[in-house]
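Thanks for opening this one with me. Have a look at the sequence and the fold below, and then we can walk through one sheet together.

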Amino acid sequence: MEQERLDKALPFLKSLEAKRRNQFEEYFRSAPQWLLDSFQVLKMEKDTVFIKENTPVDTIYFVGKGMVKAVDYRIYGIAFDFMQFDGVYAFGGMEVIMDEPLYRTTLQTVTPCIMVKIPKKTYAKWLDTDIRALKIEAKNVACYLLEEGRNDRAYLFLQGADRLALFLVDTYLKYQVNGVLLVNSTRQELADSSGLCVKTVNRAVKKFEENGWITRKGSKFTMNQEQYGKMNAMVSKLIER
């Protein structure tokens with residue numbers, strides 16, 4: 001019965017891969033009907049900014065399909081993409097737990113997305129009345145902050161090609177399909193994600209190709225499991241993996 005209620009509230013769940021569907025089912029397993037009734041499902045195009053830093057928190061978002069990224073513009077006005085998400089996270093949930101009235105980061109779609117919107121007051125009421133839901137969200141926030149802190153320390157000390165290599169091996173672990181990672185990001189997007197300039201990214205990509213760590217296909221490139229192993233071995237000499 002609980003599954004039927006969630007499927008009715010979120011019809012797109014039936015078209016999701018098992019992993020993402022199970023994440024939604026687990027997250028909302030104890031959701032009351034009044035929370036499910038507040039769901040709004042909408043489609044967003046690629047490159048849509050749906051949360052802006054320092055604007056009032058009024059909505060919680062979940063990504064049903066697609067991927068989003070966090071963007072930081074605070075330093076010299078330069079865009080730095082410091083995290084990408086394709087799992088089930090409550091965007092705005094961290095602010096609710098911390099009693100923050102303003103969003104603390106800017107979020108933008110990387111691909112076309114199906115999003116689930118929940119009013120902040122409704123979501124906050126759920127966390128206040130369901131200890132299980134509060135525990136799940138608190139765990140997600142803690143895991144996110146731990147990963148971000150570890151990544152920040154690593155990127156602080158690595159430069160040039162080494163920094164891009166760290167980004168790629170971490171990206172491989174998250175987004176490879178059948179042992180192959182397809183990187184179709186532009187050089188500017190890779191620069192934004194790694195905090196490097198485009199010129200440095202170009203030199204690094206050329207070096208990786210010469211080393212046999214990636215296979216270029218025009219402006220795109222791929223990394224298979226063997227290539228990942230070689231690049232990860234190099235990164236592991238620099239950072240404890």
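Here are a few friendly notes on the sheet and the helices that lie across it.

1. A word of caution to begin with: this is a predicted model, so please read each point below in that light.

2. Start with the sheet. It is open and has three strands in the order 1-7-3, paired antiparallel. Strand 1 (40–44) and strand 3 (59–65) are at the edges; each has a single partner strand, so one side of each lacks a neighbour in the sheet. From one strand to the next, the twist averages 30 degrees.

3. Next, follow the pairing between strand 3 and strand 7 (residues 113–119). These two run antiparallel to each other and are joined by six bridges. To find your place along them, look for Val63, whose bridge partner in strand 7 is Met115. Lys65, in turn, stands opposite Ile114 of strand 7.

4. Now add the helices. Helix 2 (residues 18–27) lies across strand 3 and strand 7, and runs at about 150 degrees to strand 3. Helix 5 (residues 120–129) also lies across strand 3 and strand 7, running at about 75 degrees to strand 7.

5. Finally, is strand 3 mostly enclosed or open? Six of its seven residues are buried, meaning under 20% relative accessible area, so strand 3 is largely enclosed by the rest of the structure.

How values were computed: Residues are numbered from 1 along each chain as its sequence is written. This is a predicted model: local features need pLDDT of at least 70, side-chain atom pairs count only at pLDDT 80 or more; totals for chains, interfaces and linings use all residues. Side-chain values use heavy atoms; hydrogens and water are left out. Two strands pair if DSSP finds at least two bridges between them. Helices (H or I, at least four residues) and strands (E, at least two) are DSSP runs, numbered from the N terminus. Axes are lines fitted to C-alpha atoms, for helices over the stretch in contact, and angles run from 0 to 180 degrees between N-to-C directions. Contact means heavy atoms within 4.5 Å. Buried means under 20% relative accessible area, exposed over 50%, partly exposed in between (1.4 Å probe, protein chains only).
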